[in-house]
Amino acid sequence: MSFYLYVLAGFFSGMLGGMGMGGGTILIPVLTIFLGVGQHAAQAANLIAFLPMALFSLKMHKDRGLLRTEGVTSIVIPALITSVATAFATSFLSGEILGKLFGAFLIFLGIKGLLNIKLSQK
């Protein structure tokens, strides 16, 4: 039974990711709260699920001529370095602290979204 729950969580997270909302905002809480997966494993699963979606999106944007490549190195290299450094740093954090940091990140995203809505109505 739990296998089907994992599949459903992945499916709906992928749908949200395809619509522009990060799938991890659904996948990680579902895995940790409802399916009992540890925070580290849930975030790792989210990153693993993200990679094929990101590559697919990149290819689709490139095929449609929507990909601008100038300046990409100045974005990609720091992003890779930061990603590796952050992944290494999180290995030293407990699942509880990591969960709280992720919760704070979600709250930040919510506030930012509300502010964007409020500003766009003016």
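Visitor: How many salt bridges does a search of the whole structure find?

Guide: The search finds 3 salt bridges. A salt bridge here is a side-chain nitrogen of Lys or Arg within 4 Å of a carboxyl oxygen of Asp or Glu. This is a predicted model, where local features need pLDDT of at least 70, side-chain atom pairs count only at pLDDT 80 or more, and totals for chains, interfaces and linings use all residues. Residues are numbered from 1 along each chain as its sequence is written, and side-chain values use heavy atoms, with hydrogens and water left out.

Visitor: What makes K59 and D63 a salt bridge?

Guide: Their closest N and O atoms are 2.6 Å apart. The limit is 4 Å, so the pair qualifies. Both residues lie in helix 3, 4 residues apart, about one turn of the helix.

Visitor: Why is K59 called partly exposed, and why is D63 called exposed?

Guide: Relative accessible area decides: buried is under 20%, exposed is over 50%, and partly exposed is in between (1.4 Å probe, protein chains only). K59 has 49%, so K59 counts as partly exposed. D63 has 51%, so D63 is exposed.

Visitor: What makes K100 and E96 a salt bridge?

Guide: The closest N and O atoms are 3.3 Å apart. That is within 4 Å, so K100 and E96 pair by the definition. Both sit in helix 5, 4 residues apart, about one turn of the helix. K100 has 56% relative accessibility, so K100 counts as exposed. E96 also has 56%, so E96 counts as exposed.

Visitor: What makes E70 and R68 a salt bridge?

Guide: Their closest N and O atoms are 3.7 Å apart. This too is within 4 Å, so the name applies. E70 and R68 are both exposed.

Visitor: How many helices and strands does the chain have?

Guide: The chain has 5 helices and 0 strands. Helices (H or I, at least four residues) and strands (E, at least two) are DSSP runs, numbered from the N terminus. Along the sequence the pattern reads α-α-α-α-α.

Visitor: Why are helix 3 and helix 5 called oblique to each other?

Guide: Helix 3 covers residues 39–63 and helix 5 covers residues 95–120. Their axes come within 8 Å and cross at roughly 50°. Axes are lines fitted to C-alpha atoms, for helices over the stretch in contact, and angles run from 0 to 180 degrees between N-to-C directions. Under 35 degrees is roughly parallel, over 145 roughly antiparallel, 65 to 115 roughly perpendicular, and the rest oblique. Roughly 50° falls in the rest, so the two helices are oblique.

Visitor: Which residues in helix 3 and helix 5 meet?

Guide: Q39, H40 and Q43 in helix 3 meet G95, L98, G99 and F102 in helix 5. Contact means heavy atoms within 4.5 Å.

Visitor: What makes M15 fit for a patch on the surface?

Guide: M15 has a relative accessible area of 39% and is partly exposed. Patch residues need over 30% and no salt bridge; like charges are joined within 9 Å, nonpolar side chains (Val, Leu, Ile, Met, Phe, Trp, Tyr) within 5 Å. At 39%, M15 is over the area limit, so M15 passes that test. L5, L8, F11, F12 and M15 form the nonpolar patch, with about 470 Å² of accessible area together. Such areas come from the Shrake-Rupley method with a 1.4 Å probe; for residues, only the protein chains shown count as cover. M15 itself lies in helix 1, residues 2–18.
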